[in-house]
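Dear colleague,

I am handing over the structure we spoke about, and my notes on it follow below. Please read them with the coordinates open beside you.

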Amino acid sequence: MDLEAEVRGDLLVVRVQQERIDAAAAIEFKDRMRELVDTPAPRVLLDLSHVTFLDSSGLGAVVAVMKLLGPDRRLELAALGPVVRKVFRLTRMDRVFTIHERVSDAL
């Protein structure tokens, strides 16, 4: 899974550089995120601007990362495309996550 991370103040920005987070990629996504969130930052922002498809396994992987962070760290999302946004809306997970239109809005 191709993920890039950078720290910006109190925010760890993780950019997903793949078009899909699906059943085939979900385990690798979780494993890679587990490595990246070792970086101490109270907020983690997942930039999904390159992701055009997210299935239930991908959604489950994102939720697993949120749980991995625990109650003291927040996982926020940014730059969801229409298909990905629809998945979050239909599952009502848009009420669980803070979702930003752009990465710059979270900074």
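To begin where helix H2 ends, the residue that follows the helix is Gly70, which has a positive phi, near 80 degrees. Please keep in mind throughout that this is a predicted model.

At the other end, where H2 starts, a side-chain oxygen of Asp55 comes to within 3.0 Å of the backbone nitrogen of Ser57. The helix itself covers residues 56-69, and because its 14 residues should span 20 Å at 1.5 Å a residue, the 20 Å found between its end C-alpha atoms agrees with that expectation. The residues of H2 that are buried are Gly58, Leu59, Ala61, Val62, Val63, Val65 and Leu69, and the elements that cover them include helix H1 (26-36) and helix H3 (82-90), together with the strands S3 (20-21), S4 (43-47), S5 (53-54) and S6 (74-78).

Strand S4 also holds Asp47, and this residue counts as buried because its relative accessibility is 6%, under the cut-off of 20%. Leaving aside residues up to four places away in sequence, Asp47 touches Val14, Arg15, Val16, Ala78, Ala79 and Val103.

Finally, there are the aromatic rings, for which a search of the whole structure finds 1 pair. The ring centres of Phe88 and Phe97 are 5.8 Å apart and the ring planes stand at 85 degrees, so this pair is edge-to-face. Both Phe88 and Phe97 are buried.

With best wishes

Key: Residues are numbered from 1 along each chain as its sequence is written. This is a predicted model: local features need pLDDT of at least 70, side-chain atom pairs count only at pLDDT 80 or more; totals for chains, interfaces and linings use all residues. Side-chain values use heavy atoms; hydrogens and water are left out. Rings of Phe, Tyr and Trp (its six-membered ring) pair if their centres lie within 6.5 Å; planes under 30 degrees apart count as stacked, over 60 as edge-to-face and the rest as tilted. Buried means under 20% relative accessible area, exposed over 50%, partly exposed in between (1.4 Å probe, protein chains only). Helices (H or I, at least four residues) and strands (E, at least two) are DSSP runs, numbered from the N terminus. The expected span of a helix is 1.5 Å times one less than its number of residues. Contact means heavy atoms within 4.5 Å. A polar contact is a pair of N or O atoms within 3.5 Å; within protein, one must be able to donate a hydrogen and the other to accept it, and residues adjacent in sequence count only if both atoms are side-chain atoms.
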